[in-house]
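The following exercises are meant to be worked with the sequence and the coordinates side by side. Each task is followed by a solution in steps.

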Amino acid sequence: MRLFTFIALVLTLRLSLSAKNSIVVEEWARVYDGSNNSVDIPTAFTLDRFGNTYISGRSAGPRGDQDIATLKYSPSGQLLLELRYDGPANNWDEAADIVVDNAGFIYVTGTTGTSSSTRNIVTFK
């Protein structure tokens with residue numbers, strides 16, 4: 001049974017203001033279930049200048065270890081990109097932050113497990 005769902009709800013919200021109250025309208029929602037149908041947890045989120053949504057975090061890999069998973073959704077909620085990073089030790093990897101520059105390059109930083117007790121910083125583009 002799945003414990004968590006990576007990006008249980010990715011919501012793009014639009015506020016519609018009226019004279020009496022505010023109304024929140026859900027434009028789209030997506031569920032991401034990683035390759036191992038297990039624990040998937042978002043840890044970083046950003047938008048680019050075109051309205052694309054980027055989410056990065058940790059996701060159970062095929063061997064049961066946690067990998068960095070990075071997703072890109074269009075403004076309408078279509079999955080455009082799924083990237084996974086499994087460090088050289090095939091150990092616990094987790095994103096801490098994500099940035100997209102004006103040219104559209106994605107930068108993710110976080111930690112990668114090198115052994116059962118050692119973790120190092122990892123950054124990739």
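pLDDT is the predictor's confidence in each residue, on a scale from 0 to 100, and it is needed here because the model is a predicted one.

**Exercise 1. Confidence**

Task: Determine in which strand of the protein confidence is lowest and in which it is highest.

Solution: Begin with the whole chain, where the mean pLDDT is 83 and 82% of the residues reach 70 or more. Turning to the individual strands, the lowest confidence belongs to S1 (residues 13-17), with a mean of 40, while the highest belongs to S7, at 96. The pLDDT is below 50 over residues 1-19, although this stretch has 60 contacts in the model beyond near neighbours in sequence. Where pLDDT is low, the predicted coordinates should not be read in detail.

**Exercise 2. The open sheet**

Task: Work out in which order the three strands of the open sheet are arranged, and which are the edge strands.

Solution: First take the pairing of S7 with S8, which is antiparallel and runs over seven bridges; here Val100 has Ile106 in S8 as its bridge partner. The hairpin of these two strands has five residues between them, and in it Gly104 adopts a positive phi near 95°. Next take S8 (residues 106-113) and S9, which pair in the antiparallel sense over six bridges. In this pairing Thr111 stands opposite Ile121 in S9, and Gly113 has Arg119 in S9 as its bridge partner. The order is therefore S7-S8-S9, in an open sheet with antiparallel pairing. S7 and S9 (119-124) are the edge strands, each pairing on one side only. Direction ignored, neighbouring strands of this sheet are turned by 15° against each other on average.

**Exercise 3. Two individual residues**

Task: Decide whether Leu47 is buried, partly exposed or exposed, and state what is notable about the phi of Asn90.

Solution: Leu47 is located in strand S3 (residues 40-47). Its relative accessibility is 49%, and since only values over 50% count as exposed, Leu47 is classed as partly exposed. Leaving aside neighbours within four places in sequence, Leu47 is in contact with Asn52 and Thr53. Between the C-alpha atoms of Leu47 and Val99 the distance is 8.5 Å, whereas in sequence these two residues are 52 residues apart.

Asn90, for its part, is found in the loop between strand S6 (79-85) and strand S7 (93-100), and with a relative accessible area of 38% Asn90 is partly exposed. Most residues other than glycine have a negative phi. Asn90, however, has a positive phi, near 50°, without being a glycine.

Methods. Residues numbered from 1 in each chain as written. Predicted model: local features only at pLDDT ≥ 70, side-chain atom pairs only at ≥ 80, totals over all residues. Heavy atoms only, no water. Helix = DSSP H or I, 4+ residues; strand = E, 2+ residues; numbered from the N terminus. Buried < 20%, exposed > 50% of the residue type's maximum accessible area, 1.4 Å probe, protein only. Contact = heavy atoms within 4.5 Å. Axes fitted to C-alpha atoms, helices over the stretch in contact; angles between N-to-C directions.
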